[in-house]
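Got the viewer open? Grab your mouse and let's take a short walk through this structure, one selection at a time.

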Amino acid sequence: MKCISTRPLTSAMKTLIMLSAFAAISQANGQAKATTRGGEITLQEDLVSVHYHRQSGTMDITWRDGHKLLNLASSAVLEDGRTLATTAYANHDLENADPNEKTAESIGKGIAHEYSIRSSSPGMPTLLQHLWLYDGKPWIAIEAELGPEAGAIGTRHFDAIVAKGENAVQVGGNKSLRVLHVPFDNDMWFRYNSLAVADMKSGQTYTSNEVTAIYDDVTRQALVLGSIAHDTWKTAIEVHAAGGGLADVDIYGGISSPTGVRTDTHDTIVHGLVHGEHVVSPRVLIGSFSDWRDGLEAYGAVNAAIHPPLQWAGGVPMGWNSWAAYGGKIDDHRYLDSAVFVRDVLVPQGFGRNKVVYTNLDAFWSRLDAVQLVEAVANIKAMRASDGTHFEPGIYWTPFAYWSDDLDAYVEGTGMKYRYRDILLKAPDGTLLPKVDGGLAIDPSHPGAKARTTYFVQEFKKLGFQYLKLDFLVHGALEGAHFDPAIQTGTEAYNEGMKQIADENDNRMFLSLSIAPLFPSGYGHARRVSCDTKGHISGGDQSTEYMLNSLTYGWWTDKNLYITDPDHIVLGEQADQGARSVVEGKSRLLSAVISGGMILDSSQLADDPQGRTLAKAVYDNQPWFSIANEGKIFRPIEGNTGDKAAAAFIRPSSHGVYVAVFNYDEKLPQTITIPLDRIDKTLVDSASVSVIDISSGAALPSTHGSLTVQLSPSESKLIELRRE
C-alpha cells in the first residue's frame, strides 16, 4: 500500500540533551575560544571560525579547508507584521564569553561550547542567536530565539540563518556546484534532485526540506546544512542563483508556500503560529566536508545521537507482503498458501533471516472476518520450515487517515463517545481539510484519536502480530486547528501521535513506516526510502530506477534514522507491475540487497505459475543473501544524476570494495566504465585489481585504472574488487 515528547521541551532541556548527544559522537582535538575586539566577535575552533560583525549584525563562517558562508543573519516575521532581523539592531553583545567550565560541568565532557549573542536596540524586542562549536569537528550549530515580548506575539516564519550576496557561498572554487533537493516525505513519487547551479535561473527559488548539500561533484567538496531539531518546525532551505553561482541561502522554520495537497508538505493552510515564553528557530547544523557523502552521513549520525532510532533485536526483516500481489483481493487462502510456498520452496534456497520469515497482511485485511483472521494468525505462527525457520504474522494500519465518507461512524475504542467527524483535523474556520491521497486527516491530539490508537495497537498485540506497517502518516503532520491548544504545529502533533504509538507498542511489534515524513524520526524501526515500488526496472513511478533515486541521495538515513525499506519485490505479470523476466527480477532483488538488505516479496506465490517460477529463480542466490544479511547500506559513486538514479553504488568488503551496477534501459545493452579512483583511491595504487562476480563466484578479467562492466537490457551485477 502507498504508502516525542508530548509537549515541546524547554530551551534549556533541549540544549542539555543536544549537547550530550553531540558529546557522544565527538572527539576533542581542539579547543574553542571566544574573543571580542572592537567591532568583531570571534568564535574559533581548530577547524571552523565564526566572525561576528557587531556593526552590521551579520556573521561569516570560515573553515580551515577554505570554504566560507558569508554575510549571515537571523530574522523572524512576527504575527503582527513586523520583521525582526539582526541586521536592524544597533547592539550585538556576546553574553557567555567563556562557557567551557559550565559546558563541561553540564555534560561531563568539555567538548561542546555554547555562545549567545544578544541583539538589542531601544524600543525593539531582543533577538538572540545561540551558537555551538565542537572540538575537532568541522561543523557548528546555530539557532535564533525571540525575546519574551516578541515570543508572546509569535511567528510562523523564523530564519535560523539567511546568507545574501553573490559570494555568500564558497565551496571548492564554486566551479561545478550542485544543490540537493530532499523531499519532505516519500509520498506521490516525489524524487530527490541534484540541481546544477549553472543551470539555475536567476531570480527563481530552489528548495529543499530539512537538509541540503551544496557540493562540487567533481571534487566532492561540500557544505551540508540541515535542521537537527524536529520538535516544532517544518524546516525549509531556499537558495537563489545569480550569474551562474549561488546568491542567497535561507534556512527557516515555517514551510508555508506554495500550499496544496500535491506540494512538498501537502498542507493547504499556513504553518502553525509558534508563540510562548521560549520561541526558537530550528537548530541548524552547518558543516564543511571533503566529500558530500561523508557530510550527509555525519548529519545523519548527529540526528541519531539526538533522537536515536528504534532498535529491533531481530535484525533487518525478510518476508512476504500481500499488497502488490493481491491488493484488495487478498483472502485467508491466498495469505496462507503464499506462506506455504515460501516455506517449502524459498526457505530451502536461503530465503529468510535469523530463522524468521515475516508474512504480512497489507490493506484490505478486513476482507478476512474475525474468525478467519484469528485462525490465519495461528496457522502462520505454527508454521515451521524443515530447517526450523518459523513464520511471524504482520498487519497494516493507518493511524492518522480515515478512508470513509461516513463522518457519523463511531470511533473504535471510544465506547461510542466519539464519531469520526469529532476526531478529524479541521482548518481554523472549522471546515475539514481536503483529502490527501483519498484520505481525511485525523488529529493526533484528539482524545478520541488517542483512544483509537490504544485500541488498535493493543488488539494487534493481543492477536499475536509481530510486524505492523503504518501508512499515510503524513496526514498526522498536516497543519490545522488541533484539538489540544498546546499543539501549535503539525510537527508537534506528529511527534505526539507517533510517540503514543511507539509507547503503546513497547517494542513488541516491528514498526515499519510506509508513507511518512523524513523527520521527525525515532518512532519506527524502518521507513520506506521511497513511495510504492514494484518490479519494473524503469518507466517512472514505482520502478526500480525510481526507488534507487531515493537511495542515491537518501542512503545516509539508514540506521541513523531508520532501517531502509526498499519496498516490495514483485515478480510475475499477474501481480501489480511485477518483473517480467528473471533478469529484471534479479535487478529488483539487487536494489533491495544494496539498500541494507530488507527484503519483502509481494508476488502471487499462492496461485500464479509465472510468479512462482520467477521467485524460485530470482531468490536462488545465496551469495547475494549473504551480503544482504550483513545489513549494510551501499552509497552512490556519483551525485550528478539530477532527479534520476545513479548507475553504480559501493560499500567496503572484507577484501576490497563491492560495486553494484545497473542498466535501467529495458531494450538496449549498456557498457558502464568507472575510474577506480572514483570508487576507492587505494585501488589506484594496486598493480592490478581482481574482479569477482558475486552471484556466480566467477573471476572476471583483472583491471587497472578503470572498471568496465557489460550489461544486457535491464541487467544488474554485483561484483567485488580485490586488491592484488
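Start by selecting R334 and D607: they form a salt bridge, with the closest N and O atoms 3.1 Å apart. This is a predicted model, so keep that in mind as you click around. Now color the chain by position and look at where the two partners sit. R334 is in helix α6, while D607 is in the loop between β32 (599–601) and α13 (609–618), so the pair links distant parts of the chain, 273 residues apart. R334 counts as partly exposed, at 25% relative accessibility, and D607 is partly exposed too, with a relative accessible area of 40%.

Stay with helix α6 and select residues 332–346, then add helix α7, residues 370–382. How do the two helices run relative to each other, roughly parallel or roughly antiparallel? Their axes are 10 Å apart and the packing angle is about 5°. Angles under 35 degrees count as roughly parallel, and α6 and α7 therefore fall in that group. To see where they touch, show D332, Y335, L336 and A339 on the α6 side, and Q372, A376, N379 and I380 on the α7 side. Sorted by class, this contact has 5 nonpolar, 2 polar and 1 charged residues.

Back to charges. Side chains of opposite charge can pair when their charged atoms come close. The structure holds 33 salt bridges, so here are a few more stops.

Select R118 and E95, whose closest N and O atoms are 2.4 Å apart in a salt bridge. R118 is in strand β8 (residues 112–120) and E95 in the loop between β7 (91–94) and α2 (100–107), so this pair ties together parts that are 23 residues apart in sequence. R118 is partly exposed at 29% relative accessible area, and E95 is partly exposed at 43%.

Next, jump to helix α9 (residues 447–463) and pick E459 and K462; being 3 residues apart, they are separated by about one helical turn. Their salt bridge has its closest N and O atoms 3.2 Å apart. E459 is partly exposed, with a relative accessible area of 26%, whereas K462 is exposed, at 65%.

Now try a trio: K234, D267 and E479 are linked in a network of salt bridges.

For the last stop, select E143 in strand β10 (residues 139–146). Is E143 buried or exposed? Its relative accessible area is 3%, so E143 is buried. Show the side chain of R283 as well, and you'll find the side chain of E143 making a polar contact with it at 3.0 Å.

Terms used. Residues numbered from 1 in each chain as written. Predicted model: local features only at pLDDT ≥ 70, side-chain atom pairs only at ≥ 80, totals over all residues. Heavy atoms only, no water. Helix = DSSP H or I, 4+ residues; strand = E, 2+ residues; numbered from the N terminus. Buried < 20%, exposed > 50% of the residue type's maximum accessible area, 1.4 Å probe, protein only. Polar contact = N/O pair within 3.5 Å; in protein donor to acceptor, adjacent residues only side chain to side chain. Axes fitted to C-alpha atoms, helices over the stretch in contact; angles between N-to-C directions. Parallel < 35°, antiparallel > 145°, perpendicular 65-115°, else oblique. Contact = heavy atoms within 4.5 Å. Nonpolar A, V, L, I, M, F, W, Y, C, P; charged D, E, K, R; others polar. Salt bridge = Lys/Arg side-chain N within 4 Å of Asp/Glu carboxyl O.
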